[in-house]
Structure formats: C-alpha cells, structure tokens
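Please open the structure in your viewer and keep the selection panel at hand. The tour proceeds one selection at a time.

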Amino acid sequence: MTQQTYDVAVIGGGIAGCASAYYLARRGLSVILLEKGEIAGEQSGRNWGFVRQQGRDPREIPLMIECNRMWRELSKELEADLEWRQGGLIYLAENEERLAGYAAWLEHARDYQLDSRLLSASQATAMLPGVTGTWAGAIHTPSDGQADPVKTTRAFAAAAQRQGVEVRTGCTVEEILTAGGAVSGLRTEQGEIRAGKVMVAAGAWTSRFLRGLRVELPQLYVKATVLRTNRAPEYSQLGVWCNHIGFRQRRDGSFNVAPGRAADLYIMPDCLRYLRDFWPSFKAQSGDIKFLVGRETWDGLGIMLGGQKALTRQMKRKRVLDPKPNARAVRRAFAEFKKLLPAMANLHVEQSWAGMIEATPDEIPVLDAVPGYEGLYVATGFSGHGFGIGPIAGRLMAETIADARPSLDLTAFRFKRFAEAAPLAHGGAV
Ligand SMILES: Cc1cc2nc3c(=O)[nH]c(=O)nc-3n(C[C@H](O)[C@H](O)[C@H](O)COP(=O)(O)OP(=O)(O)OC[C@H]3O[C@@H](n4cnc5c(N)ncnc54)[C@H](O)[C@@H]3O)c2cc1C
C-alpha cells in the first residue's frame, strides 16, 4: 500500500497549530496535525482568556484589529460555543507615570482608529463598582473581549477535522525529515509521515526542537500562575488589569485571577545561550522575574548533554507541560483581588494552575518560512499574548504556506530578524 503524502504537516495542537490547520484545509490542502499530548494541553488551554488589541506592540495592532473582527464571527464559523464576550478591557494606572505610558501607546492606537481611550480616575472606578485604591486614571478599549481558551482551541481542532484534517494526539514528532534542502516529512513515535511542507507551532518546545535541523531561534520560557475562584453573581464583563493583578469573570461567574507581572524563570543552559538576545528584556523586567533552579534546570542540562534524543525522551515523558503553580503567587494575587474588590472577600480559590509562556527577545512572534529549508514554516514566540491573536496568525500562516501571499504585512514577524545586524526593536507594548 502506498503511503499518503500530505500537503502540510502541522506540529502542535495549540491555538496556532489548530487555527493554521483549519485555514489550510479551508484552502483545499490536505493536512495532518500532530500533538504529543492533547489539544489545548499547554499554553493555549491555560491562559487568562483575554482577547485584546489594547496595549499591544504597535506592529501587532493591524493583525489584532482584523482578528477582533474574526472573533465576532468565530462561534458561528467554528459552530461552537467559545464563551466569546465583547465586554471591553481596562488597565487601571496606579500613578501618573503609568498613565503617561498608556497615553503614549494611545498615539499608536489613533493611527488605526481604535476605540481605545483614556479615562479619569472617577470614570474608571465607575466602571468597576466597589473597587478600592487610588488611581491616576485608566485606559479602556470597549471593543476588546474574552473567550474560553480550551473551548476555542478545541473548536478549531474539531472544525479542522470536519474540513478533513487528520488530527493525531499522543503523537510526538521526533524529527523533521529533509532531502536536498527541502522538507520531505516527519519521523514520529507512530512512524514516518510524508509531507511536502511542515509548519512548526510547538510553543515552548519550538527553539529546542528546531535545533535538530541546526536552526537557531532565540526563545525562552517563564512560568506564570493563574487561579480560579468559586462562582459569584455577575459583576462585570470587563477584562481588568492593574500593576498587581489581572482578572476577568468567566461566564459561569467564577473569576480568573493572576499576578499582574510576576513570572518564574528557571535557570537553564538556554538562558546563557540566548543571554545577549534577552539582556534588554531581563534588565527592563528584572523586578518582575524570579530566577529559580528546579526540574526545568536539570532537564535543560539533560538536553544540552544528550541533544535531540534527550529532548524526544522529555517530550514523551512530559506529554503535557504542566508546571506546579507558584503557591505564593496564588496567595498574593488572591489577597490583592480581595483588597481591590472587598465585596468578593467571601470567595475562595477553587483551582490554580500554571503554564510556560514562551517568548522571543522582542516579544512579538515569528510567522514565517524558515530560511535554509524549502517547505519549512514556523509560528511561535507569541510572548504571552498569542491566544487572542491566534486565529489571524493561523489564517496568515495558511495564506503564506498555500500561496506565499499573506493578506497582511508580516515583515515585522520575519524569522531572520534575529540574525540581522540592526538591534531588535521593542515596539512600545504596555
Ligand atoms: C498563564 C498564561 C496566561 C496567558 N494569558 C493570555 C491572555 O490572556 N491572552 C492571550 O492572548 N494570550 C495569553 N497567554 C499566551 C497564550 O496562551 C499563548 O501565546 C498561546 O496559547 C500560544 O499558542 P501556541 O499554539 O503557539 O502554543 P501552545 O499552546 O503551547 O501549543 C504548542 C503545542 O505543541 C505541542 N508540541 C510541542 N512539541 C511537539 C512535538 N515535537 N510533537 C508534537 N507536539 C508538540 C505541545 O504539546 C503543545 O500542545 C497566556 C499564557 C499563559 C501560560
């Protein structure tokens, strides 16, 4: 029996991989999607659920405006309940300096006629009944929204399957196969697969996985913790962020609450490997990052010594990257939440979890072909804000892979920017 050859093999069952697979199939391509664990098992099922234009790196704004349009129609398009609510997003500013930063960002938003605006302290607190604290003001974007991460990612996978995509979970891709400088398929733990093109959307694993082809992509990851409360009566459909915490009320009444900035970085060999690339970020965020030594440190050393074989063993052993939530971060975030909204003081923490957020040095993704290998593409590096932008990232990757003509300019997201002489630019996200 002759083995089927797919037009495209997609690696990774997060929102980037599932949305890409769906839009590729919509364009008539034969697609297989491989996921080592389960759909939405990692970042795409563990995030806060903010779908925001507000505060983004200006280079992402055109993509996110189009994506916001897509979100409004997505439940219908995917034939699924995504818990999409367009309740707006507000960032409270604890001082004038922070408010000035928001005002500066607003200049970018104006270029695109976004509905973002500054609010006075009294306008802001009127939108959040019972909120305590002294605020200099806020920034508010009424057209932003929120959705359920797991439901959305699974809905993309299910819709992709209805379009003919073969979805294999529990299937680790061990190696990308090449012939004469072009990709020819994959070696997986379930055997070889032939494919004319391969797209890597492997989240926190991407950089280490691509190293198997001697492709260098600077990427690190940090652990971020989230908690969920028990249900409360409807309070607000706004997503809220201030210096200490971010929160949103889910449709069932419970709140997702998380520390506003804090993240845990496990010291590992890649921190040294990419120290120069990430130095400006380390310096700018040094107060927010806690450096740790732990399991990820030893696993990173194992990969350094054992190469791709060690990486494959770890991918199979871990299946789903499920780090232990930071108990102190949970306590602190919940205490801040109750201080901010004393009316919620009788709630309790029902669940907590953590996810590994991967990032690039300039904190915007890579959405591009990989130089040096014909037929190889990558969508990764969403740097903590890839859920909201995931649908358009998937559509643009499908356009790029299918006919090399994405409908929006992806120059800023090119792969080779990390190797260019000019220093990487931080675009002014807040
Ligand atoms: C705590 C937290 C809060 C966040 N909050 C928000 C938010 O409010 N809004 C927002 O927009 N974004 C948010 N994000 C970021 C967002 O979740 C991510 O940017 C986005 O989900 C990334 O999607 P992805 O598909 O690139 O990666 P992932 O969802 O991580 O998926 C990658 C998948 O690839 C699979 N994989 C890796 N290697 C292989 C292999 N070799 N073979 C097979 N499968 C493989 C993995 O198992 C994984 O399932 C948050 C993230 C976290 C962790």
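The stops below begin at the ligand and end at one helix. Please bear in mind throughout that this is a predicted model.

**First stop: the ligand and its surroundings.** Select the ligand together with the residues around it; 36 residues form these surroundings. Glu 35, Ser 44, Phe 50, Gly 386 and Gly 388 are the closest. By class, the shell comprises 18 nonpolar, 14 polar and four charged residues.

**Second stop: polar atoms beside the ligand.** Which residue has a polar side-chain atom 2.6 Å from an oxygen atom of the ligand? Select Glu 35 to see this pair. Next, select Gln 43, where an N or O atom of the side chain is 3.1 Å from a ligand oxygen atom. At Ile 15, display the backbone, since a polar backbone atom there lies 3.2 Å from an oxygen atom of the ligand. Of the 1,000 Å² of accessible area that the ligand has on its own, the protein covers 98%.

**Third stop: the contributing elements.** Colour α1 (15-26), β12 (220-229), β18 (349-359) and α11 (386-403), each of which gives two or more residues to the shell around the ligand. The most come from α11, which supplies three residues.

**Final stop: helix α1.** Select α1, which has twelve residues and spans 16 Å from its first C-alpha to its last, close to the 16 Å expected. Is α1 mostly covered or mostly uncovered? Eleven of the twelve residues of α1 are buried, among them Ile 15, Cys 18 and Tyr 22. After α1, select Gly 28, which has a positive phi near 90°.

Notes
Residues are numbered from 1 along each chain as its sequence is written. This is a predicted model: local features need pLDDT of at least 70, side-chain atom pairs count only at pLDDT 80 or more; totals for chains, interfaces and linings use all residues. Side-chain values use heavy atoms; hydrogens and water are left out. A residue is near a molecule or strand if one of its heavy atoms lies within 4 Å of it. A polar contact is a pair of N or O atoms within 3.5 Å; within protein, one must be able to donate a hydrogen and the other to accept it, and residues adjacent in sequence count only if both atoms are side-chain atoms. Accessible areas come from the Shrake-Rupley method with a 1.4 Å probe; for residues, only the protein chains shown count as cover. Helices (H or I, at least four residues) and strands (E, at least two) are DSSP runs, numbered from the N terminus. Ala, Val, Leu, Ile, Met, Phe, Trp, Tyr, Cys and Pro count as nonpolar, Asp, Glu, Lys and Arg as charged, and the others, Gly among them, as polar. The expected span of a helix is 1.5 Å times one less than its number of residues. Buried means under 20% relative accessible area, exposed over 50%, partly exposed in between (1.4 Å probe, protein chains only).
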